[in-house]
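Here is a set of questions and answers for a reader who is new to this structure. Please look over the sequence and the model before reading on.

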Amino acid sequence: MIYFDNAATTKPSEGAVRAVIKGLEHFGNPSSLHGLGLAAEQECEAAREAIAAALGARSEEIFFTSCATESSNTAIMGSARSVGKRKKRIVTTSVEHPSVAVCCDALEEQGFEVVRVQPREDGTYAAEDIISAADNNTCLVSCMLVNNETGRILPIEKAFNAIKKKFPQTLTHCDCVQGFMKLPLSAKKLSADIISLSAHKIHGPKGIGAMYIRKGVHIPSLLLGGGQEKGFRSGTESVPLIMGFGAACSELTGSIAQRLEHVSRLRARLFELCGQTEGIELISDDDCLPYINSIAVRGLRSEVLLHFLEQREIYVSSGSACSKGKKSTVIKEFHVPDDLRDSVIRVSFCHDNTEDEVESLIGAISEAQKSLAKIK
Ligand code: PLP
């Protein structure tokens, strides 16, 4: 099997699987006062510390959630319910993941003014465009670090730094799901008040996410109840999943540069072979994160190609996995020409992928171009 759909989800690492099993066996409730509870609580705190360290944050700034979708919903709806009582403008981008975009749509219906900053003609983002969209009436700026469909890296550090300097009361939220553990990341350098993370994109289990909330920032919680997570997120903690998240994060710590170098080599080979194959167009470019690459195979519908590749046990994605059955609006936002939009596939790498696998993919695409063209 060749798995090139790592932006949709990653295979849990052996360490993460072991940690989940250990967490299931040590079944105490972290809120219980006895030893079993204490042991579970200590495991959760160790995971919290690992995630905090990866962001250069303090462990008390990390809160566990069920997924990044919950993190972003809490960040956006919570910001609207706090700073949004006085300030009614939200700045975001036109290429956000639905977990952010749909929240902004809902708030727009409630009367907020939402400004969706678009990429420039060449598909890149300019920090100035995000900065100039914010004003004194802006309660929240919510922008992703890495786009999940093209790998485009957005200039968040520059934009958030300038915005926080000009408008200190404006909250800044960054969906770092596709950049976490792939790019060096510091919450402080990013000037983010809130960050969303997900475990299953970094070889951890599904169903667990986290939020970084800068010390001193207060946003109301969505879940009320027993007061877990220091009152911020009620509900008994999922100890096994938290432990799996912590283990996945620890395993990747210290190897960001080395892994980036490896996937950069894979991307270079992919781009080289695409350049040599007639009919393949690159959507992503050298400035995108090398883990995520969108390409278009002229004349072949992406879903048809996806299933052709699947028969050869090569797994890619057609656009974003979250927009199953729906056309991606993000690809259009990135100015991909009309005649290519239905032919875009996403090839997303992880550190385990090899150049041989990339060569097999391009071989299989060439085969598809020949055999599917005959059917037409
Ligand atoms: N944000 C981005 C950029 C993503 O790619 C995804 C998942 O595809 C999410 C958020 C949602 O993450 P989760 O599945 O943990 O809710």
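The questions below go from the ligand to the strands and then to single residues in loops.

This is a predicted model, in which local features need pLDDT of at least 70 and side-chain atom pairs count only at pLDDT 80 or more, while totals for chains, interfaces and linings use all residues. Residues are numbered from 1 along each chain as its sequence is written, and side-chain values use heavy atoms, with hydrogens and water left out.

Q: How many residues surround the ligand?
A: A residue is counted as near the ligand if one of its heavy atoms lies within 4 Å of it. The closest are Thr-69, Asp-175, Gln-178, Ser-198 and Lys-201. The number of residues that surround the ligand is 14.

Q: How many residues of the shell around the ligand are charged?
A: Ala, Val, Leu, Ile, Met, Phe, Trp, Tyr, Cys and Pro count as nonpolar, Asp, Glu, Lys and Arg as charged, and the others, Gly among them, as polar. By these classes the shell has five nonpolar and seven polar residues, and the number of charged residues is two.

Q: What percentage of the ligand's accessible area does the protein cover?
A: Polar contacts are pairs of N or O atoms within 3.5 Å; within protein, one atom must be able to donate a hydrogen and the other to accept it, and residues adjacent in sequence count only if both atoms are side-chain atoms. A polar side-chain atom of Lys-201 lies 2.5 Å from an oxygen atom of the ligand, while a nitrogen atom of the ligand is 2.6 Å from an N or O atom in the side chain of Asp-175. On its own the ligand has 400 Å² of accessible area (Shrake-Rupley method, 1.4 Å probe), and the share that the protein covers is 92%.

Q: How many residues of strand β5 are buried?
A: Strands (E, at least two residues) and helices (H or I, at least four) are DSSP runs numbered from the N terminus, and buried means under 20% relative accessible area, exposed over 50%, and partly exposed in between (1.4 Å probe, protein chains only). Strand β5 covers residues 138-144 and is mostly covered. Of its seven residues, the number buried is seven.

Q: Which residue of β5 is the bridge partner of Val-91?
A: Two strands pair if DSSP finds at least two bridges between them. Strand β3 (residues 89-93) and β5 pair in the parallel sense over four bridges, and within this pairing Thr-92 stands opposite Ser-142. The partner of Val-91 in β5 is Val-141.

Q: Which strand do five bridges join to β3?
A: Five of the five residues of β3 are buried, so this strand is largely enclosed by the rest of the structure. Arg-89, Val-91 and Thr-93 point one way from β3, and Ile-90 and Thr-92 the other way. On the side of this further pairing, Val-91 stands opposite Val-115, and the strand joined to β3 by five bridges, running parallel, is β4.

Q: Which helix lies between β5 and β6 in their β-α-β unit?
A: β5 and strand β6 (residues 171-175) pair in the parallel sense over five bridges, with Leu-171 in β6 as the bridge partner of Leu-140. Their β-α-β unit is right-handed, which means that, with the strands pointing away from the viewer, the path from the first strand over the helix to the second runs clockwise. The helix in this unit, residues 156-166, is α6.

Q: Is Glu-313 buried or partly exposed?
A: Glu-313 has a positive phi of about 60 degrees although it is not a glycine, and this residue is found in the loop between α10 (302-311) and β11 (314-315). At 44% relative accessibility, Glu-313 counts as partly exposed.

Q: Which residue has its backbone nitrogen 2.8 Å from a polar side-chain atom of Asn-353?
A: Asn-353 is found in the loop between β12 (344-348) and α12 (355-375), where this residue is buried, with a relative accessible area of 4%. Its side chain also makes a polar contact with the side chain of Asn-6 (3.5 Å). The residue whose backbone nitrogen lies 2.8 Å from a polar atom of the Asn-353 side chain is Cys-350.
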